[in-house]
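Visitor: I have a model open and a few quick things to ask. Can we go through the helices and some backbone oddities?

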Amino acid sequence: MSLRQMEYFLTVVDEASFTRAAEVLHVTQSALSHQIKALERSVGGDLLERLPRGVRLTPMGRAFRPHAELAVRSAVQARRAARAAAGAEGGELHVAAVHSVAVGILPDVFARWRAAHPGVLLHLHEYATTEALEEEVERGTADLAVGPAPRDWPGTVVTVGEEEIVLVVPFDDRFAGRTSVTLPELADRPWVRCAMEPVIEGQRFLDWACGRAGFRPYTAVYTEHTSTAVRMAAAGVGVCTAPSHIVGGAVGEDCVVLTPDPPWRRALTVFSRVPPTGAAEAFVDLLRAAWPAPAATGPAATTALPAHVCDAATALA
């Protein structure tokens, strides 16, 4: 079994045709068929069902496919890491992030990176949820990820800073003259919520948190992205939660920002399957410098909520 055979197999699956796959790979159809048959012999069975018009995966093929994808992606990452390790110049770097981080933090970081390392091509992969982010990085889609600290991550996790989660209301809100507000004071307010809101003890976070404060939140709108929720809140649709960096840096300061009392914070981390080297290590250093941690670090800085909630409560991005 070879990496090339797995690449050929995946191309046939993607194209659903030996003919089209041969054209994409720039090989003859007979050579492609020979390699696929050799692969099937090595695994001990048919991976593809040949149909009169195309192909489809067999049960064995469906089981084999995700492992082949991981192997091919890992090989690509290995080549990138080897080229970049010579001094963080040349090659490319694939960075994954949740939407709020991609919009609120990374533009400035990427600009600094381009000024310092113009020879490295950056690829950004955006995901709506932290779960999707972790899954794709584990599969090898990106060299590293920027986002909330993952749970039970088998690879490397580096804390580079801290995000503060704030509440957003319009300029004519009755709390507009204040800097902070307690959750019970918002008991009568409608909320703009994100579809990727995490679940705590069987409930969506805001339902859980407001329930502990003695009321059930009224949801006015569900959105897909935090930036949309902030716009909705600024227009007066309802209160929303959002990382502070996305309110000012990405969406614009056309709203009032309130700090929850007690405050909500979470660690911002970089995580990867293997320890960052070369370009990846340089990117982590730049991100840490661009987004420094506050003076108080560690668990004591994020105990405004219980530990398991402090991570998930703020995963509304």
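Visitor: Start with helix α3, residues 29-43. What span should its 15 residues have, and how far apart are its end C-alpha atoms?
Guide: The expected span is 21 Å, and the end C-alpha atoms are 21 Å apart, so the two agree. The expected span is 1.5 Å times one less than the number of residues. Helices here are DSSP runs of H or I of at least four residues, strands are runs of E of at least two, and both are numbered from the N terminus.

Visitor: What kind of model is this, and what is left out?
Guide: It is a predicted model: local features need pLDDT of at least 70, side-chain atom pairs count only at pLDDT 80 or more, and totals for chains, interfaces and linings use all residues. Residues are numbered from 1 along each chain as its sequence is written, and side-chain values use heavy atoms, with hydrogens and water left out.

Visitor: Back to α3. Which of its residues are buried?
Guide: L32, I36, A38, L39 and E40. Buried means under 20% relative accessible area, exposed means over 50%, and partly exposed is in between (1.4 Å probe, protein chains only).

Visitor: What comes just after α3?
Guide: G44, with a positive phi of about 90°.

Visitor: Which residues other than glycine have a positive phi?
Guide: A16 is one, with phi near 55°. H26 is another, at about 60°. Most residues other than glycine have a negative phi.

Visitor: Where do A16 and H26 lie?
Guide: A16 is in the loop between α1 and α2, and H26 is in the loop between α2 and α3. A16 is partly exposed, at 32% relative accessible area. H26 counts as exposed, at 73%.

Visitor: How do α1 and α2 pack?
Guide: Helix α1 (residues 3-15) and helix α2 (residues 18-25) pack at about 125°, with axes 8 Å apart. Axes are lines fitted to C-alpha atoms, for helices over the stretch in contact, and angles run from 0 to 180 degrees between N-to-C directions. That makes α1 oblique to α2. Under 35 degrees is roughly parallel, over 145 roughly antiparallel, 65 to 115 roughly perpendicular, and the rest oblique.

Visitor: Which residues make that contact?
Guide: Y8, T11, V12 and E15 of α1, with F18, R20, A21, V24 and L25 of α2. Contact means heavy atoms within 4.5 Å.

Visitor: Switching topic. What about α6 and α11?
Guide: The axes of α6 (residues 106-116) and α11 (residues 278-290) come within 10 Å and cross at roughly 125°. They are therefore oblique to each other. From α6, the contact residues are L106, V109, F110, R112 and W113. From α11, they are A279, A282, F283, L286, L287 and A290.

Visitor: How enclosed is helix α8, residues 205-212?
Guide: Six of its eight residues are buried, so α8 is largely enclosed by the rest of the structure. Those buried are F205, L206, D207, W208, A209 and C210. G214 follows α8, with a positive phi near 100°.

Visitor: Where is there a cis peptide bond?
Guide: Between D261 and P262, with omega about 5°. P262 lies in the loop between β13 and β14.

Visitor: And L258, buried or exposed?
Guide: L258 is buried, at 0% relative accessible area. L258 lies in strand β13, residues 256-260. Beyond neighbours within four places in sequence, its contacts include V166, L167, F175 and R178.
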